Amino acid sequence: MSTALSLRRISHMSSNGWDRLFKSESMVRAGLQPFEIVHQSGIHSVRHYLPLTEESITVGDDTLPVSKKRNQIPLVLIAPLAVNMYVYDLLPERSFVRYLMAQGFDVYLIDWGKPTRKQAGLTLENYIKEFLPACLNAVREHSGSKKLNLQGWSMGGGMALAYTALFKDENINKVVTYGTPIDGHANGAIGQQYKRLANLLKSARINFRKVPAKLLYTPGWANVIGFKLLDPVGSLKGYWNLISQLHDREFVAQHANQAAFIDSLEAYPGGALRDWFASIWLENETAHGHFKVGKAVANFKDITCPVLGIAGKSDNLANVACCKPITKVVGSEKSEFFIGPGGHIGIMSGKESPNTIWAKTVSWLNS
């Protein structure tokens with residue numbers, strides 16, 4: 001490498017490093033797709049993304065024409081708790097919502113907001129029996145369509161399944177889940193640890209569901225640390241890749257956008273966290289086809305609409321074995337399981353997602 005090129009590379013590294021450390025907000029292009037709020041109640045809301053005006057959009061390195069053929073059934077994205085909405089619109093060229101709209105879908109997104117200690121007592125019963133039905137009714141009123149397609153990522157997929165089973169909603173057309181755990185004890189080493197913990201608590205006659213919700217309230221910063229500790233090698237690798245690619249402005253910008261999502265996780269209401277941890281990871285209810293919603297029980301065999309479960313090949317938060325039983329527990333005559341590239345976040349916003357996971361979702365919903 002010539003001296004001139006070396007000096008230019010050092011200059012780029014210095015400039016990019018400075019901006020990444022001290023001006024990272026100027027590099028963030030997440031969450032730019034325009035939307036309107038069609039429902040607001042407390043801290044949660046429903047977004048309706050405004051139709052694209054372009055004739056084509058950029059997806060990765062490709063150009064995708066905006067379809068003039070519209071799917072008549074709205075698609076509702078159900079976010080999990082504790083995440084911010086950047087992941088759905090991470091970059092203009094890697095935006096899940098833009099991709100879906102370009103493929104002809106009318107897209108709505110349920111944003112659960114920013115819980116504080118005031119919401120520590122909220123349980124999954126509140127979300128599944130109260131908040132989610134109100135949000136879906138708002139979508140129906142706004143769109144004029146009774147029928148809806150649901151897509152849920154992680155806990156959001158669990159909410160979609162539990163709602164559909166509990167209410168036996170015949171107007172749910174199809175359900176798609178991304179990285180949603182079904183058999184928690186099949187989730188590798190961590191799943192086995194949860195199984196041992198469940199047995200220990202049972203032997204000690206300790207009912208985890210009776211732990212006060214306020215004690216389990218988890219602030220956003222703690223969720224950030226916990227998420228990174230679940231994959232410490234991956235976290236360190238991400239920063240090493242940043243250092244090695246510091247000369248590449250586009251790579252640095254992408255890292256800043258991903259960090260804007262990961263480093264800005266929201267709090268977990270203690271009641272909801274308790275319910276999810278108990279049902280999925282300790283009691284492993286969903287592996288047996290049911291899910292407690294307060295005093296009610298959602299039986300997954302009551303889900304008769306088509307269901308597509310998707311898992312990430314390298315997901316260590318909800319691995320393939322953990323997600324795969326979805327086709328066995330639902331009552332759908334038409335259910336399918338698909339394995340795509342990426343980890344828990346990668347299945348939503350990874351570089352390979354558009355041509356694999358997103359494409360599969362669209363073709364399946366249109367089938």
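**Reading burial, packing and backbone in a predicted model**

Visitor: Let me start with one side chain: does Y163 count as buried or exposed?

Guide: Buried means under 20% relative accessible area, exposed over 50%, and partly exposed in between (1.4 Å probe, protein chains only). Y163 has 4% relative accessibility, so Y163 counts as buried. Please keep in mind that this is a predicted model, where local features need pLDDT of at least 70 and side-chain atom pairs count only at pLDDT 80 or more, while totals for chains, interfaces and linings use all residues. Residues are numbered from 1 along each chain as its sequence is written, and side-chain values use heavy atoms, leaving out hydrogens and water.

Visitor: Which aromatic pair do Y163 and F167 form?

Guide: Rings of Phe, Tyr and Trp (its six-membered ring) pair if their centres lie within 6.5 Å; planes under 30 degrees apart are stacked, over 60 edge-to-face, and the rest tilted. Y163 and F167 make a tilted pair, with 5.0 Å from centre to centre and 35 degrees between the planes. Both sit in helix 4, four residues apart, about one turn of the helix. Unlike buried Y163, F167 is partly exposed, at a relative accessible area of 38%. The count by this rule is 11 aromatic pairs, and F96, Y99, Y178 and W358 form one aromatic cluster.

Visitor: At what angle do helix 3 and helix 4 pack?

Guide: Helices (H or I, at least four residues) and strands (E, at least two) are DSSP runs numbered from the N terminus. Axes are lines fitted to C-alpha atoms, for helices over the stretch in contact, with angles from 0 to 180 degrees between N-to-C directions. Helix 3 (residues 124-143) and helix 4 (residues 155-167) pack at about 85 degrees, their axes 10 Å apart. They are therefore roughly perpendicular (65 to 115 degrees; under 35 is roughly parallel, over 145 roughly antiparallel, the rest oblique). Contact (heavy atoms within 4.5 Å) involves, among others, Y127, L132 and L136 of helix 3 and M159, Y163 and F167 of helix 4. By class, the contact has 12 nonpolar, no polar and two charged residues.

Visitor: What does W112 touch?

Guide: Leaving aside neighbours within four places in sequence, the contacts of W112 include Y127, L132 and M159, three residues that also take part in the contact between helix 3 and helix 4.

Visitor: How many residues of helix 9 are buried?

Guide: In helix 9, 12 of the 13 residues are buried, so the helix is largely enclosed by the rest of the structure. The cover includes helix 3, helix 4, helix 5, strand 9 (290-293) and helix 10 (320-323). The axes of helix 5 (residues 188-203) and helix 9 (residues 270-282) come within 9 Å and cross at roughly 110 degrees, so these helices are roughly perpendicular too. On the helix 9 side, F277, W281 and L282 make the contact.

Visitor: Which residue after helix 9 has a positive phi?

Guide: Most residues other than glycine have a negative phi, and most peptide bonds are trans. N284, which follows helix 9, has a positive phi near 55 degrees. A82, not a glycine, has a positive phi of about 80 degrees; A82 lies in the loop between strand 5 (75-78) and helix 2 (96-102) and is buried, at 10% relative accessible area. K168 has a positive phi of about 50 degrees, in the loop between helix 4 and strand 8 (172-178).

Key: Ala, Val, Leu, Ile, Met, Phe, Trp, Tyr, Cys and Pro count as nonpolar, Asp, Glu, Lys and Arg as charged, and the others, Gly among them, as polar.
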